[in-house]
Amino acid sequence: MAEVFIYPATSLILSDLVARFGHKPLGTALSIRERVQTAGLDSPPLQMTPDDAKKGLRWAAVEVPSGVRGRMSLFGPLLDRAEAAIIVNNPDFAFGCMGCARTDELVEFLVKQKEIPVLELDYPADEEEGIIFVRKVRDFLKGLAGAA
Amino acid sequence: MKEILPPLYAGTVTKYVFVESYKATPDDIAARGYEVSGGVMIKETCFGLQVTGPEEEVERVVAHIRALDPAHIYVKDRGFPPGDPRRCRANLGGARPGYFGHEYEMGFIRRIAVGIEKLDDSSEPAAEKTKKKGSDGLCVERLMELIDQEA
Amino acid sequence: MTGETVRIAQLSCGPEYSGVQKEIYTAAEAVGAEVFFPDLSLADIRRNFKDFGLDVRSGDLKLAIARAVALVQGVAEADGVFIASCFRCAEAAIVRNELRRYIHEHSRLPVVSYSFTERTTSGTLLTRMEALTTIARRRALLARERQTGLTMGVDSGSSTTKAVIMQDNEIIGTGWRPTTEVLQSADDVIVLALEEAGVKREDLDAIGTTGYGRFLIGEHAKADLIQEELTVNSKGAVFLADCQHGSSTVIDIGGMDNKAISVLDGIPGTFTMGGICAGASGRFLEMTAKRLGVDITELGPLAMKGMGEDVPMNSYCIVFGTQSLVNALAEGHSKEDVAAAACHSVAEQVFEQQLQEIDIKEPVVMVGGTSLIQGLVRAMGNLLQTEIVVPHHSQYIGSVGAALLASGYVEKN
């Protein structure tokens, strides 16, 4: 089983397909879960604190807006773990963790910088493309180390 | 938002189960989940379920539910446990941002469903669709989307 | 604060991820308000975003735009709007500015916009949130145009404390002191104002307090009205400048922070507060006067005689500003030119960094102690290409506003 970073990191479709084909999807839900389950934090709603923006300095300089750095503290550790990645290009309406275009650009760049297998796709515009989309994801995941 | 909330359901995972099927409703998949739920908590929602518990248990329940209609039941991790007041629509006044992302993807999930249904065991690589040159008009799918939006 | 919960719609990108959403909740809660996110469907978001026409890429900004449209169209109801985005984000700054303008022009909703960092605290947001709730709760009181009875207003600012006694719509006594110990300074100016007015404290029908020390002094003096300075100063400004109806702009360059308020019929529509370093404050002008060896009251006339254009001075930081000051004097520039340059520098920082956040509508009224520095008023007028109005008693603006609004409690008492 490989750990596969998904982009959009909030995608239901990618999360489902990666798990369905036997791998572990790495989405920001995991980073949020970690914070929500940490005792002693009092920073609703996401239990993210100003420290997260400081942790984000590892990926983005201090002149980068705090929201980018804070989001990077969610994405960064997932990128560190990722053994592969699936990217959907230009997701149209993605909010929350994916709601900042600047962070999204940086994340996409950092994924490509890592020497890991990356599959890039567009969301399917019709059923025919849907068939190709699912097959491509399956074939990509089959080729990964630890594939079932 | 005054009190410090202790972590709810620490050590558990929560997964969303979405259903988009003519064969199964959220009620049906909930019933299916309860068959094997054991100590796992199942919460019904408008789109499907939220399943919370130890990871292995949740995986087992989710796999059992998915077997009901594999191409039309979808699963995703959730950061928050169900009913968390920090993410609750009633407290926020509006949906959490992630909701819209799900709404967006569920809008064309049937294309993925077809993709899953048409998966065969052949190991042939996915054929690239030849892009049509230009467009003579609005495709049926897009038109249906527009109608849905206006409805 | 009393009354029903005020509902403030939040339009934002980034506070949850900067760890400051809790600070927003805390500030709102402290003034009896509740922050909420207007509810929409994805179809609404798509349509509103497209209709608005500002084609940004960030999803959360699209959401903010869609929510703003829903508020203006009345699909979502709110008492006020808080727009917030990350400091240093250009994309968000454009959205913040355009949404603020859009809501101001198309609705009666009071709007405050703010760019935060991870260091933003609830204390910083408190006065802004309080102003939003004041406008929502006290619209009737803010509509008051005449002072009645015998009332006193006390303004406890970061640099100075002021008191004013008013009777039958006239100022009959004033008192002014540098702020040292908050309560003592207030007691001192109250005595001065009462003496000048020739009345006794027990004769007063009502008391109002404003400024940083408003809560402490308000409790001490058993004030009828304790209100933040954004709404109080706006009221005082339009009252003294005799522009209570229609649009106006109030600029108050203070000792610690600056206020720029776009006012309609005496009630703030959009406003900004603080947010710049000391190089853009009255404090820098005090330092300049000290370095030039003149009293602060002489700085204005001195600047009027000078030509600041030849002296390089343009810094929002008081340390760098002082460095420019020292260099200019060392290069042989005259005191007059340096004084004029210092005034221009302060005006320019406020113009560039704060006045862009509100809509400038004439008349532009300058108030507060710095409005007495003619060189600063001239510099601001040049930048805004308008004749700035400085009403009489402009340095007592907060006290006058407080005395005027407190008279709303005369009959009750």
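In this predicted model, helix α2 (residues 28–36) of chain A and helix α4 (residues 66–81) of chain A have axes that come within 9 Å and cross at roughly 115°. The crossing of α2(A) past α4(A) is right-handed. On the α2(A) side the contact is made by A:T28, A:L30 and A:S31, while α4(A) brings in A:L74, A:F75, A:P77 and A:L78. Sorted by class, that contact has 5 nonpolar and 2 polar residues, with no charged ones.

**Where the chains meet**

Chain A has partners to deal with too. How many residues does the contact between chain A and chain B take from each? It takes 40 residues from chain A and 38 residues from chain B. On the chain A side, the elements giving two or more residues are α1 (12–20), α2 and α6 (127–142). Of these, α6(A) supplies the largest share, 12 residues. The class split for that side of chain A is 20 nonpolar, 9 polar and 11 charged.

Chain C also touches chain A, with 23 residues of chain C in contact with 23 residues of chain A. Which elements of chain C give two or more residues to its side? They are α1 (15–18), α2 (21–30), α3 (42–52) and α4 (59–72) of chain C. By class, this side of chain C comes out as 8 nonpolar, 7 polar and 8 charged residues.

**Chain B in brief**

Chain B holds 6 helices and 4 strands. Walk along its sequence and the pattern reads β-α-β-β-α-β-α-α-α-α. Of the 151 residues in chain B, 32% are buried. If you take the contacts in chain B with a separation of 6 or more, 65% of them are between residues 24 or more positions apart.

**The domains of chain C**

The domain assignment splits chain C into domain 1 (6–137), domain 2 (145–230 + 397–409) and domain 3 (247–386). Domain 2 of chain C is written as two segments. The C-alpha centres of domain 2 and domain 3 of chain C are 27 Å apart. Their contact takes 6 residues from domain 2 and 12 residues from domain 3 of chain C. The domain 2 side of that contact divides into 2 nonpolar and 4 polar residues, with no charged ones.

**Nonpolar cores**

Nonpolar side chains tend to be buried together in soluble globular proteins. Here the largest nonpolar core has 193 residues, and those with the most contacts inside it are B:V17, C:I8, C:V81, C:V164, C:A342, C:C343 and C:V346. The element giving the most to this core is helix α14 (residues 335–353) of chain C, with 10 residues. What does C:A342 touch, not counting residues up to four places away in sequence? The answer is C:F284, C:L285, C:T288, C:M313 and C:L325. Another core, of 7 residues, lies apart from the largest one; among its members are A:A29, A:L46, A:M48 and B:F80.

**Loop residues in chain C**

Is C:L204 buried or exposed? C:L204 counts as buried because 23 other C-beta atoms lie within 10 Å, and the cut-off for buried is 20 or more. Its place is the loop between α8 (182–197) and β8 (206–211) of chain C. Setting aside neighbours within four places in sequence, C:L204 is in contact with C:L150, C:T151 and C:M152. C:L204 and C:G149 are 55 residues apart in sequence, yet 8.3 Å apart in space, C-alpha to C-alpha.

C:F37, in the loop between β2 (33–36) and α3 of chain C, is buried as well, with 21 C-beta neighbours inside 10 Å. C:F37 and C:K412 are 375 residues apart in sequence and 38 Å apart in space, C-alpha to C-alpha.

**Backbone oddities**

Two non-glycine residues with positive phi go in the table.

| Residue | Phi | Other C-beta atoms within 10 Å |
|---|---|---|
| C:N169 | near 75° | 12, exposed |
| C:Q385 | about 55° | 7, exposed |

C:N169 is in the loop between β6 (160–167) and β7 (170–178) of chain C, and C:Q385 is in the loop between α15 (374–384) and α16 (397–406) of chain C.

There are cis peptide bonds to look at too. One runs from A:Y7 to A:P8, with omega near 10°, and A:P8 is in the loop between β1 (3–7) and α1 of chain A. Another joins C:E362 and C:P363, with omega about 0°. C:P363 lies in the loop between α14 and β13 (364–367) of chain C.

How values were computed
Residues numbered from 1 in each chain as written. Chains lettered and ligands numbered in written order. Predicted model: local features only at pLDDT ≥ 70, side-chain atom pairs only at ≥ 80, totals over all residues. Contact = placed C-beta atoms within 7 Å. Nonpolar A, V, L, I, M, F, W, Y, C, P; charged D, E, K, R; others polar. Domains from an automatic or database assignment. Axes fitted to C-alpha atoms, helices over the stretch in contact; angles between N-to-C directions. Left-handed = near helix turned anticlockwise from the far one by under 90°. Core = buried A, V, L, I, M, F, W, Y, C linked by C-beta atoms within 7 Å.
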